[in-house]
Amino acid sequence: MPKRPYVIDELISAKTIAARIEELSRDITAEFHGTDKLVVVGLLRGSFVFIADLVRELDLPIEVDFIEASSYGDSTESSREVRILKDLRSAIEGMDVLVVEDIVDTGFTLSHVIKLLKSRKPARLRTIALLDKPSRREAPVQADWIGFEIPDEFVVGYGIDFAQRNRNLPFIGKVRFTP
Ligand code: IMP
């Protein structure tokens, strides 16, 4: 539970997110057209709403799996050390893989997960992130598809939390601390 009082200002509306997901899904469906071995891998927990909306727009035969990497804990500071808390259920050797991330911030999480999954020899590995904060990047990584580029703000909603709260907001908002 957050320790300081704050309010949430809307940054990206639910309608804008839905429209962008439609666009992204068209591109992804075109990229993977003809495959029958695509596994969509959600990075828990922040991507659970995004992946749910995204897969329902994909006109492809897919499997869905999840992987969980360690995140911020209850603070807003990122950590360089990424640990896998929950691994995939499926073997991905020879499969097409689409990794779905909520936010690329420093990039440590996504680059670690990409390295790990590539070592398992998938046929193709692509990445999508709903949000990108390029000004915060420390690890040289770029998702293949990005929903929205955002400034260096701490955001919540649409699956994304602040100290585990606010994941259920239907929009993306930014956290503003109040006195
Ligand atoms: P990175 O390893 O620094 O790129 O951080 C990635 C993870 O940190 C994301 O998947 C989020 O879970 C979390 N994160 C980064 N920025 C924010 C934010 O603004 N709000 C909430 N979580 C964030």
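**View A. Phe108 sits in helix 3, which spans residues 108–118.** Welcome to a predicted model, in which local features need pLDDT of at least 70, side-chain atom pairs count only at pLDDT 80 or more, and totals for chains, interfaces and linings use all residues. Numbering runs from 1 along each chain as its sequence is written, and side-chain values use heavy atoms, with hydrogens and water left out. Helices (H or I, at least four residues) and strands (E, at least two) are DSSP runs, numbered from the N terminus. Phe108 counts as buried because its relative accessibility is 16%; buried means under 20% relative accessible area, exposed over 50%, and partly exposed in between, with a 1.4 Å probe and protein chains only. Look also for Val141: its C-alpha atom is 8.3 Å from that of Phe108, although the two residues are 33 apart along the chain.

**View B. The ligand is surrounded by 17 residues.** A residue belongs to these surroundings if one of its heavy atoms lies within 4 Å of the molecule. Asp102, Thr106, Gly107, Thr109 and Val155 are the closest. Strand 5 (96–104) and helix 3 each contribute at least two residues to the shell, and strand 5 gives the largest share, with four residues. By residue class, the shell holds seven nonpolar, four polar and six charged residues. Here Ala, Val, Leu, Ile, Met, Phe, Trp, Tyr, Cys and Pro count as nonpolar, Asp, Glu, Lys and Arg as charged, and the others, Gly among them, as polar.

**View C. Polar side-chain atoms of Glu101, Thr109 and Lys133 meet oxygen atoms of the ligand.** A polar contact is a pair of N or O atoms within 3.5 Å; within protein, one must be able to donate a hydrogen and the other to accept it, and residues adjacent in sequence count only if both atoms are side-chain atoms. For Thr109, an N or O atom of the side chain is 2.5 Å from a ligand oxygen. The distance is 2.8 Å for a polar side-chain atom of Lys133 and 3.1 Å for one of Glu101. On its own the ligand has 490 Å² of accessible area, and the protein covers 94% of that; such areas come from the Shrake-Rupley method with a 1.4 Å probe, and for residues only the protein chains shown count as cover.

**View D. Tyr6, Phe154, Phe162 and Phe177 make up one aromatic cluster.** Rings of Phe, Tyr and Trp (its six-membered ring) pair if their centres lie within 6.5 Å, with planes under 30 degrees apart counted as stacked, over 60 as edge-to-face and the rest as tilted. How many aromatic pairs does the structure hold? There are four. One of them joins Tyr6 and Phe177 edge-to-face, at 6.3 Å centre to centre and 65° between the planes. This pair links distant parts of the chain, for Tyr6 is in strand 1 (residues 6–12) and Phe177 in strand 9 (residues 172–177), 171 residues apart. Phe177 counts as partly exposed because its relative accessibility is 35%.

Phe162 and Phe177 are also edge-to-face, because their ring centres are 5.8 Å apart and their planes stand at 80°. Phe162 lies in the loop between strand 8 (155–156) and strand 9, so its pair with Phe177 in strand 9 ties together parts that are 15 residues apart in sequence. With 7% relative accessibility, Phe162 counts as buried. Arg4 joins in too, its charged end sitting over the ring of Phe177 at 4.0 Å from the centre; this requires NZ of Lys or CZ of Arg within 6 Å of the ring centre and within 35 degrees of the ring normal.

**View E. Asp161, Tyr158 and Ala163 share the loop between strand 8 and strand 9.** The side chain of Asp161 reaches the backbone nitrogen of Ala163 at 3.4 Å, and one of its polar atoms lies 2.7 Å from the backbone nitrogen of Gln164. Asp161 counts as buried at 17% relative accessibility. Which values of phi stand out here? Tyr158, which is not a glycine, has a positive phi of about 55°, and Ala163, also a residue other than glycine, has phi near 50°. Tyr158 is buried, with a relative accessible area of 5%, and Ala163 is buried with 5% as well.

**View F. A cis peptide bond runs from Leu44 to Arg45.** Its omega is near -5°. Arg45 belongs to the loop between strand 2 (38–44) and helix 2 (48–55).
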